[in-house]
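Student: I would like a close look at one part of this protein. Please take me through how helices pack in it, and set that in the context of the whole chain.

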Amino acid sequence: MQIDVLTIFPDYLAPLELSLPGRARAKGLLELHVHDLRQWTTDKHHTTDDTPYGGGAGMVMKPEPWGAAFDALDIDGATVVFTTPSGAPFTQAMAAELAGHERLVFACGRYEGIDQRVIDHARTRADVREISIGDYVLNGGEVAALAITEAVVRLIPGFMGNPESLAEESHEDGLLEYPVFTKPASWRDLDVPPVLLSGDHGKIAAWRHEQAVRRTAERRPDLLHASHRIDAGDLADLEVRPATRADAGEILTLQKACWVQEAQANAALDIPPLREGLDDVVASLDRWTTHVVRAEGRLIASGRGRLDGSAWDVGRLMVAPDLQGRGLGRWLLSYVEGLAPEGATSYALFTGAGSAENLRMYKKAGYRLRGELDGHPGVVVLTKRRPEQVRIF
Ligand code: 6GU
């Protein structure tokens, strides 16, 4: 990659000679030149700015030096990046895209901006980007050119020693980075979370993902789908309503996702919720009272009930795997219990004998284990008496 930087403060870009770009240059992956825009002025004061047409405060960068610089640098076919607070916000995705370009030319604006014709002219010769590095104002685009260069150069293929660390880090997967620790395991009475010392890579990955989601929800909720921001504490934002055939596809998807966990917990893959297809889900809607829960449009949970004698059978309680552990399942259970008609005197449900999480939650909700479901080894039934209806009138 070749990078040229055009600026009236070339000394500002000295750090580019160091650090990452310095390493990339040493490896021969990057050729970098910083140019003083003033060398393309023609007056003895090397003037690069003038007062704005139409009046107003501040100065505007004159077009002529820019035009002469573009000619001298032969920008035709290059990607020209104008750094400006009114540009599009710079992102990691943009950095990755720019890393694939052969030639970048940074045009660092100062003062109140550059005469618009400079940008319009550049567009006739090059691929032009106007980029900002955030919602604040700097005196000029030099720091932005530095930041963008550093973010781009480290993504040039062959630059990083360990491409895996690129993929794992902050923003590449849309989440902030999880907290990291190194030796010693205990420092000033602060211990490294034990899971990281466990050697259980599955558990470690799950813990890190959960931490990343939690951090992102706290600090950058805008990066998450709105459904990640909910928990049982703010159920008011949830839309709960009877399921229709239009929901069947999403119910099926959620069901498959949820019962893979069950299959693993019970070492049994041949279970109905995994075997069923769309037709089965559609048909079930006529036989069960099924409700779905949506957060910001996304179907995140579902459950159903039906009367069997005097027992209200509760079934297919499911919460999207990425939203479990927030009390939604517990809340959903009491919601489905609440759908029971007057004649119901008890609740009944079943689950896999190995589904420890489910069993814990059901027991906490007042269910008692009644033994195996007839003809279904490994499946256990739980029941609970329906509390006396409190009549107010
Ligand atoms: Cl690219 N330039 C200036 N002057 N200020 C900024 C910026 C750029 N990005 C954020 N603030």
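Tutor: Here is a walk through one helix pair, followed by its surroundings and a second pair.

This is a predicted model. Two packed helices are described by the angle between their axes and the distance between the axes. Start with H2 and H4. Helix H2 covers residues 63–73, and helix H4 covers residues 116–123. Their axes lie 9 Å apart. The packing angle is about 20°. Angles under 35 degrees count as roughly parallel, so H2 is roughly parallel to H4. The crossing of H2 with H4 is right-handed.

Now the side of each helix that takes part. H2 contributes Pro63, Trp66, Gly67 and Phe70. H4 answers with Arg117, Val118, His121 and Ala122. By class, five residues of this contact are nonpolar, two are polar and one is charged.

Follow the chain out of H2. A loop runs between H2 and strand E5 (79–89), and Asp74 lies in it. Look at the backbone there. Most residues other than glycine have a negative phi, and most peptide bonds are trans. Asp74 has a positive phi, near 55°, and is not a glycine.

A second backbone feature sits in another loop. The peptide bond from Lys183 to Pro184 is cis. Its omega is near 5°. Pro184 lies between helix H6 (163–168) and strand E8 (186–187).

Next, the other helix pair. Helix H8 spans residues 248–266, and helix H10 spans residues 278–287. Their axes come within 9 Å and cross at roughly 115°. The range 65 to 115 counts as roughly perpendicular, and H8 and H10 are therefore roughly perpendicular to each other. The crossing of H8 and H10 is right-handed. On the H8 side, Ala248, Gly249, Ile251 and Leu252 make the contact. On the H10 side, the partners are Leu278, Val281, Val282 and Leu285. Seven residues of this contact are nonpolar, one is polar and none is charged.

Finally, step back to the whole protein. The domain assignment gives domain 1 (2–163), domain 2 (173–224) and domain 3 (233–385). The centres of domain 1 and domain 2, taken over C-alpha atoms, are separated by 37 Å. Along the principal axes, the C-alpha atoms fill a box of roughly 100 × 55 × 45 Å. The protein has 12 helices and 16 strands. Its radius of gyration is 31 Å, well over the 21 Å that the globule rule gives for 393 residues, so the protein is more spread out than a compact globule.

Notes:
Residues numbered from 1 in each chain as written. Predicted model: local features only at pLDDT ≥ 70, side-chain atom pairs only at ≥ 80, totals over all residues. Axes fitted to C-alpha atoms, helices over the stretch in contact; angles between N-to-C directions. Helix = DSSP H or I, 4+ residues; strand = E, 2+ residues; numbered from the N terminus. Parallel < 35°, antiparallel > 145°, perpendicular 65-115°, else oblique. Left-handed = near helix turned anticlockwise from the far one by under 90°. Contact = placed C-beta atoms within 7 Å. Nonpolar A, V, L, I, M, F, W, Y, C, P; charged D, E, K, R; others polar. Domains from an automatic or database assignment. Rg over C-alpha atoms; globule rule 2.2 N^0.38 Å.
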